[in-house]
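Work through the exercises below with the sequence and the coordinates open side by side. Try each task before you read its solution.

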Amino acid sequence: MTRMDSGWNFRSAYDTARKIRDAQDEYCAKAEAGAWSELEDFPQDLQWEALVDVLRGKVKLSVHCYEAVDLDMIVRLTHQFQFPVASFHHAGETYLVPDLLKQTWGGAPAVALFAVNFRIKREAYRGSEFAPRILTSHGLPVSDHSVVNSRYLLNEAALAHYFGLPYNVALLSVTATPADTMGLGHRLGRIQEGYDADIVVWDSHPLSLGATPQQVFIDGIPQFDSPYVSIKPPLLQGPPKTPNFDAEAADAFNYDGLPPLIPKSVRSAVFINVDAIYTRSSGELSIQERPEAVVAHDGKIVCAGARSTCPVYMEEVAKMTVIDLEGGVIAPGLTTYGTPIGLTEILMEASTNDGIVYNPLAGDPPAILGNTFVHAIDGLQFEGRNMLLAYRGGVTAGVVAPLGSFVQGVSTVFSLGAASVLYNATIAENVALHMKISTNSAQSVSSQIAALRNMLFGKDGDEILQRVRNGHSTLVINVNSADIIATLLRLKAEYEARTSKILQLTFAGAQESHLLAEKIASAGVSVIVTHPKPYPTTWEERRILPGPPLTAASLHETCVLKFREYVPCLNCRIVN
């Protein structure tokens, strides 16, 4: 269906509703005039009843619409048939055409959009994390429509605030603004006399990192008997401080949502006004406070401290790039694992992605593949917008495995700032063998375990499989169910007893791993929690540990914390 088809269908629908409305008005006029003999059946059609009420202003209209060209079509439609729009939702390109929105018949609508969840499909590709602040600067109301679990609604408001939305507007975006947009502003969204007594008491500022409800009241009734909360320092009792993103926001608007992101490469740089520098040595982080200068050359820190500690470089300072951190710190770059970054650019557009590897349990892979596994390094794509935004956010390295439903393949570690695989992109080429075992597979769990057992105890296979058998490479299994985890622990013990070799095993995902924490630890198995904000979306995640205020502990307190979400990879520093 083309846009012209969509436009015609919209007009046809509204024209039908208009004719029914006019016929009803004519009927009522005759009744009021006492012309009873001229009246027949009241004109109505259940198919068009809601749309007739939209034209009468009795029903609120929310339009799902991303791109500017489609927003323009709807605005023109509002004038042709004279109806208001309560909100545009998802609305990725609204920040590029704020003046167009103000031309909507009946007044400017609210915009319900993501905080950061853009670029997941083509029509959202020009979306920007700066959209909320830009729309607000033009006097347009914004609210959240992030398509995430509602328990993390405040985190979405916090993300919008981080990228420049004023803190009071961020709070309004998840309270009063949506209530007003829905026509319920007379009873919801505010704390005042006569309103519904739906109130949350927070242990710190709602937009601060780790903010937790101390109590929730619904219709005045407290929902927690003994909530689990911790004492938060005074620093977290006010709105969090945020960076100045004025230049980046201006670029997002001026470049129609596609500002240049390619990093600038310099050979030598001097950092001044550094509060502290964190360096890693033998796995430990050490801190050096307030060095007078930090000099980097060819990608490495060559000296930090008084200027006298590196006289050779300081003599050449005039030729170097000088960066004033204004009291900031220097720390090792972040590493992301679990997101398909590097293999996927636009999640819902297959032509931009590496794709899904063959599942040997679902059918015979092409013979040309032989006995080898797929390697992620062969499918890497560089200079994608998600990758470069993550790189700007401090995520310098990515660990990625091919995507698949059973045997996924061999992961790689790569630099997010590289131009291509030929330019210093690879940090480690063959990292681990990755698999996925799940009740959601088309094959039974017992079949998946049987296949894994055959792979481990077999003789043939890819070189990385031989290394796994000999304990020289890690087998990473994406698994959530505690029952499957228990079976895998039994299999590990069986393998080590029969072969006298160590099976280096890591569980990724691991949403129910807390149920077997002691067994996992005693077996020497590592755990990577790939969902820091758990939610039981499937049966095998039903026994999650939700964390405060529902439980005292959270899963990531004793596990390595990484991130699964595709787009928010750039927000690793600010996700709760």
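The exercises that follow concern a predicted model, and they go from the whole chain to single residues.

**Exercise 1. Confidence and overall make-up**

Establish how confident the predictor is along the chain, and describe the chain's dimensions, secondary structure and burial.

Solution. Begin with the confidence: the mean pLDDT of the chain is 91, and 96% of its residues reach 70 or more. Next, look for stretches that call for caution, which include residues 560-570, where pLDDT stays under 50 although the model has 54 contacts there beyond four places in sequence. Residues 572-576 also have a pLDDT below 50, with 20 contacts in the model beyond near neighbours in sequence. Then turn to the architecture, which comes to 15 helices and 24 strands, with a C-alpha trace that spans about 100 × 65 × 55 Å along its principal axes. Of the 576 residues in the chain, 45% are buried, and the chain exposes about 29600 Å², of which carbon and sulfur atoms supply 53%. Finally, consider the contacts with a separation of 6 or more: residues 24 or more positions apart account for 66% of them.

**Exercise 2. A salt bridge between a loop and a helix**

Determine which parts of the chain the salt bridge between Arg56 and Asp25 ties together.

Solution. First check the distance: the closest N and O atoms of Arg56 and Asp25 are 2.9 Å apart, which is inside the 4 Å limit for a salt bridge. Then locate the partners: Arg56 lies in the loop between helix H2 (49-55) and strand E1 (62-65), and Asp25 lies in helix H1 (residues 3-32), so the pair ties together parts that are 31 residues apart in sequence. As a last step, compare the accessibility, where Arg56 is partly exposed with a relative accessible area of 32% and Asp25 is partly exposed with 35%.

**Exercise 3. Further charged pairs**

How many salt bridges does the structure hold, and which residue pairs with Arg187?

Solution. The structure holds 28 salt bridges. In one of them Arg187, which counts as partly exposed at 38% relative accessibility, pairs with Asp196, the closest N and O atoms being 2.6 Å apart. In another, Lys30 and Glu38 have their closest N and O atoms 3.8 Å apart; Lys30 is partly exposed with a relative accessible area of 25%, as is Glu38 with 47%. Pairs can also be linked through shared partners, and in this way salt bridges join Asp15, Arg18, Lys19, Arg21 and Asp22 into one network.

**Exercise 4. Two loop residues and a surface patch**

Decide whether Arg119 and Glu349 are buried or partly exposed, and then identify the residues that form a nonpolar patch with Tyr278.

Solution. Arg119 is found in the loop between strand E3 (110-113) and helix H5 (131-137); because its relative accessibility is 3%, it counts as buried, the cut-off being under 20%. The side chain of Arg119 makes a polar contact of 3.2 Å with the side chain of Asn386. Glu349 is found in the loop between strand E15 (334-337) and helix H11 (385-392), and at 26% relative accessibility Glu349 counts as partly exposed. Leaving aside neighbours within four places in sequence, Glu349 is in contact with Lys121 and Arg122. For the patch, start from Tyr278 in strand E9 (residues 276-281), which counts as partly exposed at 32% relative accessibility. Tyr278 forms a nonpolar surface patch with Leu285, Ile287 and Val329, and together these residues have about 370 Å² of accessible area.

Technical notes: Residues are numbered from 1 along each chain as its sequence is written. This is a predicted model: local features need pLDDT of at least 70, side-chain atom pairs count only at pLDDT 80 or more; totals for chains, interfaces and linings use all residues. Side-chain values use heavy atoms; hydrogens and water are left out. Helices (H or I, at least four residues) and strands (E, at least two) are DSSP runs, numbered from the N terminus. Buried means under 20% relative accessible area, exposed over 50%, partly exposed in between (1.4 Å probe, protein chains only). A polar contact is a pair of N or O atoms within 3.5 Å; within protein, one must be able to donate a hydrogen and the other to accept it, and residues adjacent in sequence count only if both atoms are side-chain atoms. Contact means heavy atoms within 4.5 Å. Patches are made of residues with over 30% relative accessible area and no salt bridge: like charges are joined within 9 Å, nonpolar side chains (Val, Leu, Ile, Met, Phe, Trp, Tyr) within 5 Å. Accessible areas come from the Shrake-Rupley method with a 1.4 Å probe; for residues, only the protein chains shown count as cover. A salt bridge is a side-chain nitrogen of Lys or Arg within 4 Å of a carboxyl oxygen of Asp or Glu. pLDDT is the predictor's confidence in each residue, from 0 to 100.
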